[in-house]
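Hi,

Here is the structure I promised to pass on to you. Have a look at it first, and then read my notes below.

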Amino acid sequence: MPQQPPTDRTQPQEAGNARPSATSRTAPNGDLSHGYNPEGARHTDSAVPLHRTEPVVHDYRSEGPAPGRIAFRWAHGSNVAAKNRDPRVQVIQYNEDTFVLRQNVCVHWEAPFTYLLFGNAGALLIDAGATANPRYYPLRETVDALITRWEQARGRTSVPLTVALTSGEDVAQNQGVVQFADRARTTIVPTKLAAMQQHYGFSGNWPSRTARIDLGGRVIDVIPAPGTHRDGVCFYDPYCKMLFTGDLLFPGRINISNDGDFVSSLERLQGFAASHPIKWVMGGHIDMMFVPGKYYPRFATYKPYERVLEMAPTLIDDAVAYAREIRGNEKMLIGSDFVLFNGVSPDQRTKVWPEGVPDIDPPRPF
Amino acid sequence: MDRRTFLARNAAVAVVPVALTTFSASAGARSPVRNPIDFKSNLPAPGDFPARWICGSESLMDNTDPPVQVHWYNDHTAILRQNKAYSYEAPFAPLYFGNERVLLLDEGFTTLRNDWDLRAVVDTCIVDWASRNGRDPASLELLVAFSHLHADHYAAVNQFADRPNTRYMGLTHEEMIGFWGMTNFPEERVTLDLGGREILIWGSPGHVVSEFAYYDSYTQILYTGDMFYRGRCYISFWEPWFESMKRLIDFVDTHPVTHVMGCHVEISKDGEDYPYGLTWQPNEAPVQMTVKQLRETYEFAKTITEPGIYFTGTVFLCNQTRSMTTIDVNPYRYS
């Protein structure tokens, strides 16, 4: 019998999918050494019963990350934005209780990601997109349909929804909130800083303490994370072991709004990651290309060479190192997986290239 | 045939007598058109700009404007402007008609005809003009030139590769100045004859090395490319740019100019900077500028001694600031 490879709890091997990226799987035909009945199977509801007599209660407790994949490519705009016919809201089901939504790049160049998480007692929508007009960006309609389908699968009705933002002030994440204003059984976390702090119970202990959103068996941690926004927060999902970081840390051009807060928040995340398993860090946007250190400029509406969304948790350490380097310096700093802008124009350019990182120019699209 | 023979009155090649009558294939021997349009009386020819150009939209995939707005400034002059939902660069492109030739200056930022078919738009304009004026569109030679050597001005050249009766610039400095028969760039001013309609062309480096200024003697519009336009004039080389400005001033001192026109608009009517790459400019300033604005900018430029971004009241002069392309800041900054 072959020796089992050492397992790393923060980067667990998935059955048949040794590497998390859909395009770089090392065992595309499965990996016999993982066995036929891995632990994760208990997280999947069976479709075998024809009629259910009572609502399904899902067990969200899990040792490692719940199984799930981003097995598809993100829509990335088109050369002629006016001719784009991709979905306005792209939905990828990560697993039955976790959805990742992306706004069409040709509806808004920020193309933010929105996350929809379900627990036994409710659903949580993290962020709300960059466009308020539902004709251009029907987020509410899409979320309603996802909730309806989930309710039918779980034999439930009237699942309450919480809409929470990684930053209430960020117009690339808060515009869609208005679409939920009149929705029944919906709690919208206030977007103003003081009201948001009061809502979570942060009064007096911001940003040192964390808060919780209980979805019923799936308890989301709310971690204060000012730095790119004064009202920034991160969310941690212990079921998928994902950390949702919004504008604080994402594979793109990170505009630092207060470098002291930025360093402290990343250090806080580093401390959090030391005590909580993290599979992926999930940001709110992608600007980076799949070659290191290269990125799309602001307002780009065609990003065919986009990097994948998910970030390994070790990137938090990289981010802390870069953040400490840039603290107190008004400049930009290029890293392999993100670019930091501190006190300079969001269009700042630099000739300084990170040492040891290959400098690859992807071909120019049309 | 020497590449310069299509330039009229070029002293360097004026060895062929104008009155020579011959049946050779030389350009000068082409039979004159019947009932030629008079492009030399009652100048400047009147014309107007639209009150508002198409300027993108909030959601680009919901944009229903055409890929390019074709505006007839007057009966013999069209100005094309690309839709911002087709490219954020959204350059302007004048199309000048003469009795025997059509000149397209700049092209818009598009490469493939299936993305948007610039050639078909130009052909439609030529057919329209020809039918209005009782001409055969096939008889008109199309010259495709550009203000300067940047992709948003030349990207569509290959759409014209198989178009009959068409000549276009090459994509090197040498081919560009050769296309206009210049041997003393940038000072030399040549006269292009479109058939009764003359275009004056001279060098205007500074934004890039390979750039021209174009003056249409019929509308008296001075087309200044990207070295002077209503937005961020990215000045890569200050001294040559300043010299080019001086040449423009010398020109307007000695020639009547109705409008000064650049290739882009990146500024609002209120002087607000529309940052680089923006695809919706609902309150944008007009593309045309006055001679007074050109003179004011020149006076302002005299005071500039350092690299940096300067607002003259009309344009932003971005003196050697490619590393800082816009003046805007992170709006969420706090202390």
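**The sheets, chain by chain**

In chain A, 6 strands make up an open sheet, ordered S1-S2-S3-S4-S5-S6, and the pairing is mixed. Strand S1 (89-95) and strand S6 (186-188) of chain A sit at the edges with a single partner strand each, so one side of each has no neighbour in the sheet. On average, neighbouring strands here are turned by 20 degrees against each other, if you ignore direction. Before you go further, please keep in mind that this is a predicted model.

For a closer look at one pair, go to strand S4 (residues 122-126) and strand S5 (residues 161-164) of chain A: they pair in the parallel sense, over 4 bridges. A:Ala123 has A:Leu161 in S5(A) as its bridge partner. As general background, strands in a sheet pair through backbone hydrogen bonds, and they can do that parallel or antiparallel.

Now for chain B. An open sheet of 6 strands turns up there, in the order S1-S2-S3-S4-S5-S6 and with mixed pairing. Its edge strands are strand S1 (68-74) and strand S6 (166-168) of chain B, each pairing on one side only. From one strand to the next, the twist averages 15 degrees. Strand S4 (residues 101-105) and strand S5 (residues 141-145) of chain B run parallel and are joined by 5 bridges. If you want a spot to click on, B:Arg101 stands opposite B:Glu141 in S5(B).

**Chain B and its helix H4**

Chain B has 5 helices and 15 strands in its secondary structure. Its length is 335 residues, and 47% of them count as buried. Take the contacts in chain B with a separation of 6 or more: 60% of them are between residues 24 or more positions apart.

Helix H4 (residues 238-254) of chain B is worth some of your time. With 17 residues at 1.5 Å a residue, it should span 24 Å, and its end C-alpha atoms are indeed 24 Å apart, so the two agree. Which residues of H4(B) are buried? They are B:Pro240, B:Trp241, B:Ser244, B:Met245 and B:Leu248. Looking down the axis of H4(B), you'll find the buried residues within an arc of 145 degrees, which means that they line one face of the helix. The other side of H4(B) has B:Glu239, B:Asp250, B:Asp253 and B:Thr254, which are exposed. And what covers the buried residues of H4(B)? The cover includes strand S9 (212-216), strand S10 (221-225), strand S11 (232-235) and helix H5 (291-302) of chain B.

**A proline in a loop of chain A**

Back in chain A, look for A:Pro207 in the loop between helix H2 (193-200) and strand S7 (211-214). Is A:Pro207 buried, exposed or partly exposed? It has 18 other C-beta atoms within 10 Å, and a residue needs 20 or more to be buried and 12 or fewer to be exposed, so A:Pro207 is partly exposed. Beyond its neighbours within four places in sequence, A:Pro207 is in contact with A:Pro224 and A:Pro226. A:Gly232 is 25 residues away along the chain, and its C-alpha atom is 9.8 Å from that of A:Pro207.

**Where the chains meet**

Last, the contact between the two chains: 30 residues of chain A and 31 residues of chain B take part. The side of chain A that touches chain B consists of 12 nonpolar, 13 polar and 5 charged residues.

Cheers

Terms used:
Residues numbered from 1 in each chain as written. Chains lettered and ligands numbered in written order. Predicted model: local features only at pLDDT ≥ 70, side-chain atom pairs only at ≥ 80, totals over all residues. Contact = placed C-beta atoms within 7 Å. Nonpolar A, V, L, I, M, F, W, Y, C, P; charged D, E, K, R; others polar. Helix = DSSP H or I, 4+ residues; strand = E, 2+ residues; numbered from the N terminus. Expected span 1.5 Å × (residues − 1). Arc of directions from axis to C-beta. Pairing = 2+ DSSP bridges. Axes fitted to C-alpha atoms, helices over the stretch in contact; angles between N-to-C directions.
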